[in-house]
Amino acid sequence: MDRLARLLSCVLLALLPLTAALKFDLHPVAAHDSAKYERCIRNFVAREQLVVVTVIMDGYRGDGQRVDMHIRDAMGNDYHRPKDVVGENRYAFTSHADSAFDVCFENIFTSSGSSKSITPRHVELDIDIGADAKDWNAIGAADKLKPVEAELRRIEEVVGEIVTEMDYLRSREQKLRDTNESTNERVKWFALGTMGMLVGLGAWQVVYLRAYFRSKHLI
């Protein structure tokens, strides 16, 4: 019964509509300050997963500002570094490791006037990972699938990704539990060893002082 409920919850999650794109404004800054005002959006991806980053940028080239992007992960892998981004653009890559990745933006002021008089660039960012990043219309057309069959295949792949993610979290929890138990065991033996040393040192002091006082005929 629990497994059936878990499976139904996974299917419901797969059927939920995709979240709306993230929307924000990028204000232009001087080139020497662009790295300091870089805006990054972070997400997590598993190894060998397809990621599609869709960016819709208003404005036009030559309007006094230039938006550069940088897509990288926490392991130091660079995936894309597009320059002067305008309009709608898509960037796809396959992750090299289980890691967080960042989609970063820099809006560099290139005009000779004041940056305060320029309207900031408006950005719409959408990140699709795994099954959501695939073009299921093209897959259905290539495999001659009906719309319902293509949707069922998409749901099956999404559920498979959820199960894989749960297995990964379970294994990570097991590693953390093993580390915690090992640390507790070491702390316990260290505490016992310290107590034994203190007891032994106290007993040695009693014996030594008794022998000393006897040698001085004080007791």
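**Notes on the predicted model**

1. Starting with the overall picture: 29% of the 219 residues of the protein count as buried. Keep in mind that this is a predicted model. There are three helices and eight strands, and along the sequence they come in the pattern α-β-β-β-β-β-β-β-β-α-α. As for contacts, take those with a separation of 6 or more: 77% of them are between residues 24 or more positions apart.

2. I'd look at the open sheet next. Four strands make it up, in the order E1-E8-E3-E6, with antiparallel pairing. E1 and E6 are the edge strands, each pairing on one side only. On average, neighbouring strands of this sheet are turned by 20° against each other, direction ignored.

3. Strand E3 (residues 50-57) is a good place to zoom in. Six of its eight residues are buried, so the strand is mostly covered, with buried taken as under 20% relative accessible area. Strand E6 (residues 87-94) runs antiparallel to E3 and is joined to it by eight bridges. Strand E8 (residues 121-129) also pairs with E3 in the antiparallel sense, over seven bridges.

4. To check the register of these pairings, try Val 51. Its bridge partner in E6 is Phe 93, and in E8 it stands opposite Ile 129. A little further along, Thr 54 has Asp 126 as its bridge partner in E8.

5. Now the interior. The largest nonpolar core has 22 residues, and Val 53, Val 103, Phe 105 and Leu 125 are those with the most contacts inside it. At least two residues of this core come from each of strand E1 (22-26), strand E2 (39-45), E3, strand E4 (65-73), E6, strand E7 (99-109) and E8. As background, nonpolar side chains tend to be buried together in soluble globular proteins.

6. Which residues does Leu 125 touch, not counting residues up to four places away in sequence? Its contacts include Val 53, Val 103 and Phe 105, the other residues named above for the most contacts inside the core. Leu 125 also touches Ala 21, Leu 22, Phe 24 and Ile 41, along with Thr 54 and Val 55.

7. Asp 73, found in strand E4, deserves its own point. Is it buried or exposed? Asp 73 counts as buried because its relative accessibility is 8%, and the cut-off is under 20%. Its side chain reaches the backbone nitrogen of Asn 77 at 2.8 Å, and a polar contact of 2.9 Å joins it to the side chain of Tyr 79.

8. Staying with Asp 73, its wider surroundings are worth a look. Leaving out residues up to four places away in sequence, Asp 73 touches Tyr 79, Ser 99, Ala 100 and Phe 101. Asp 73 and Phe 44 are 29 residues apart in sequence, and their C-alpha atoms are 9.0 Å apart in space.

9. Last, the annotation. An unreviewed UniProt entry places the feature "transmembrane region" at residues 189-209. In the model, the span 189-209 is 100% helix and 0% strand, and its end C-alpha atoms lie 30 Å apart. I'd keep the source of that label in view, as UniProt annotations may be inferred rather than shown by experiment.

Note on methods: Residues are numbered from 1 along each chain as its sequence is written. This is a predicted model: local features need pLDDT of at least 70, side-chain atom pairs count only at pLDDT 80 or more; totals for chains, interfaces and linings use all residues. Side-chain values use heavy atoms; hydrogens and water are left out. Buried means under 20% relative accessible area, exposed over 50%, partly exposed in between (1.4 Å probe, protein chains only). Two strands pair if DSSP finds at least two bridges between them. A nonpolar core is a set of buried Ala, Val, Leu, Ile, Met, Phe, Trp, Tyr and Cys residues joined through side-chain atoms within 4.5 Å. Contact means heavy atoms within 4.5 Å. Axes are lines fitted to C-alpha atoms, for helices over the stretch in contact, and angles run from 0 to 180 degrees between N-to-C directions. A polar contact is a pair of N or O atoms within 3.5 Å; within protein, one must be able to donate a hydrogen and the other to accept it, and residues adjacent in sequence count only if both atoms are side-chain atoms.
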